[in-house]
Amino acid sequence: MPRGPGRFLRAPVAPAAALAAALLSSLARCSLLESGDPVASALSPYFGTKTRYEDVNPGLLPNPEAPWRDPELLEGTCTPVQLVAVIRHGTRYPTAKQIRKLRQLHELLQARGPWGGRASATSGRDVGAVLADRPLWYADWMDGQLVEKGRQDMRQLALRLASLFPTLFCRENFGRLRLVTSSKHRCVDSGVAFLQGLWQHYNPGLTPPDVADMECGPPRINDKLMRFFDNCKKFLTEVERNATALYHVEAFKTGPEMQDILKKVAATLQVPINDLNADLIQVAFFTCSFDLAIKGIKSPWCDVFDIDDAKVLEYLNDLKQYWKRGYGYTINSRSSCILFEDIFQHLDKAVEQKQRSQPISSPVILQFGHAETLLPLLSLMGYFKDREPLTAYNYKEQMHRKFRSGHIVPYASNLIFLLYHCENAKTPKEEFQVQMLLNEKVLPFAHSQETVSLYEDLKNHYKGVLQSCHAIDECKLLKTSSWLA
């Protein structure tokens, strides 16, 4: 395999298991309470899809606008000519459904009977009373909307990427940016905030204009691309609306690990255990994460749980993501075919234009979606797949699993395809190379564990998927059900 001038293809990095361990243990190795973040919670590594981006990249805490260049990024005679990014929206409010559950739990605490009012044996104070007296500031209108912290997530991501890839994000390319978004407000607003961050990069100190007045225009809504799961009949029928599809999630809720937490929380909050259930426990845990992510405060809701509880609740969340968005059912990942094809169409077009000595029409493509957009795509490409499926009955065996959603798709998570043109390539095949980045860190290719791939080799590896994975065919309803991937 050629290495080329300067830095072409590299030798394989650590084996897949070692790589996953390194990626997924990054939070544990870097103690958040020692990272200079004064309000970080010890529970932060276990918040799943409600995880802050800076908890996955703690190096951002001192200066979130400063780019960090992964040493594995290509340099020398290989020049980036196109960047295609799939970006999850920034930090958001809870959904209206989550807020209603929290209100239900809060009312339960306020209505505590004569058993309430005693100090907790573990904390030395009545946590239930503290939470009952604490006003709820969440309201139904918030319903998953982007918060100011989420706008900041996007502006800062834009500044870092523009600094990291100056030739792609140069002022001259601003009018050629292509932005696509889900119709959800949090995604549209994330795209707008990203553009504002870029504009500030070009015009520091000046207030950005309305995005409609920017050269590139506002993000275009395309739910068929960014919310493909809503347009896939097979997924909707066999998973989304199938009462038995999330069997392992429901079974874990009534399993011994969750029942132990239920008893413990009932004792801590001093409420009858029969008034609690796994959903209320989970919303209390998420409220700890929302207060931290949105307001930057360590909430008293965090005092209800310890790290062992957090690990169990993280697994409950991961079970849902696994069976609904990951490897649980084949249709989960196959429903993302339309997005996968779209990415390679952009890359193909850039290669063709470069070969004809034409300017790249779209040097930067930014696609704003959801965790539910990214997880199926990563699964389709073979990332973070464990040897055994996650089930309700193998929690202990999966303690070191690769599939940990919070470490993969936190708020503002991003998957970047970076296409290079290498001037001094010895053969035409070596002229175009690709790297992938997940959350601004080079992601070794799932099939080779190398950090760089010849573009032709990458297409050949996914040839079967690209040729067979057509959204219209994949999403047709058949009489048979999806099987385990």
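In strand β5, the residue L415 stands opposite V86, and this pair is a good place to enter the structure, which is a predicted model. The pair belongs to a longer partnership, for 9 bridges join strand β1, residues 78-88, to strand β5, residues 414-422, and the two strands run antiparallel. Strand β1 is also mostly covered, since 10 of its 11 residues are buried.

Strand β1 has another partner as well. With β4 it pairs in the parallel sense, over 6 bridges, and within this pairing L83 has V364 of β4 as its bridge partner. From β4, which spans residues 364-369, the path leads on to strand β2, residues 178-181, because these two strands are joined in the parallel sense over 4 bridges. Here the residue to look for is T181, whose bridge partner in β4 is F368.

Which residue of β3 is the bridge partner of T181? In β3 it is I221, and the pairing of β2 with strand β3, residues 220-221, is again in the parallel sense, this time over 2 bridges. Between these two strands the chain crosses from β2 through helix α7, residues 185-202, to β3, and this β-α-β crossover is right-handed.

Having followed the strands, the reader can turn to the helices. Two packed helices are described by the angle between their axes and the distance between the axes. Helix α12, residues 278-295, and helix α13, residues 307-324, pack at an angle of about 105°, and their axes are 11 Å apart. Angles of 65 to 115 degrees count as roughly perpendicular, and α12 is therefore roughly perpendicular to α13. Where the helices meet, α12 contributes I281, Q282, F285 and F286, while α13 contributes A310, L313, L316 and N317. Sorted by class, the residues of this contact are 6 nonpolar and 2 polar, with no charged residues. An α-helix has 3.6 residues a turn, so residues three or four places apart point the same way.

Another pair of helices can be read in the same manner. The axes of helix α15, residues 337-355, and α16 come within 9 Å and cross at roughly 75°, so α15 and α16 are roughly perpendicular to each other. From α15 the contact takes in C337, L339, F340 and I343, and from α16 it takes in T373, L377 and L380. These residues divide into 6 nonpolar and 1 polar, and no charged residue takes part.

Is helix α16 mostly covered or mostly open? With residues 371-380, α16 is mostly covered, as 9 of its 10 residues are buried. The buried residues of α16 include T373, L377 and L380, the residues with which this helix meets α15. After α16 comes G382, whose phi is positive, near 90°.

A positive phi also appears in residues other than glycine. One of them is S357, with a phi near 60°, which lies in the loop between α15 and β4. Another is N439, where phi is about 55°, and this residue lies in the loop between β6, residues 432-438, and β7, residues 441-442. Are these two residues buried or exposed? S357 has a relative accessible area of 70% and is therefore exposed, whereas N439, with a relative accessible area of 2%, is buried.

A further residue, Y247, is found in helix α10, residues 247-253. Because its relative accessible area is 46%, Y247 is partly exposed. What separates the C-alpha atoms of Y247 and A392? Although these residues are 145 residues apart along the chain, their C-alpha atoms are separated by 8.4 Å.

Stepping back, the reader can set these details within the whole protein chain, which has 20 helices and 8 strands. Of its 485 residues, buried residues make up 58%. Among the contacts between residues at least 6 apart in sequence, 80% join residues at least 24 apart.

Methods. Residues are numbered from 1 along each chain as its sequence is written. This is a predicted model: local features need pLDDT of at least 70, side-chain atom pairs count only at pLDDT 80 or more; totals for chains, interfaces and linings use all residues. Side-chain values use heavy atoms; hydrogens and water are left out. Buried means under 20% relative accessible area, exposed over 50%, partly exposed in between (1.4 Å probe, protein chains only). Axes are lines fitted to C-alpha atoms, for helices over the stretch in contact, and angles run from 0 to 180 degrees between N-to-C directions. Angles under 35 degrees count as roughly parallel, over 145 as roughly antiparallel, 65 to 115 as roughly perpendicular and the rest as oblique. Contact means heavy atoms within 4.5 Å. Ala, Val, Leu, Ile, Met, Phe, Trp, Tyr, Cys and Pro count as nonpolar, Asp, Glu, Lys and Arg as charged, and the others, Gly among them, as polar. A crossover is right-handed if, with the strands pointing away from the viewer, the path from the first strand over the helix to the second runs clockwise.
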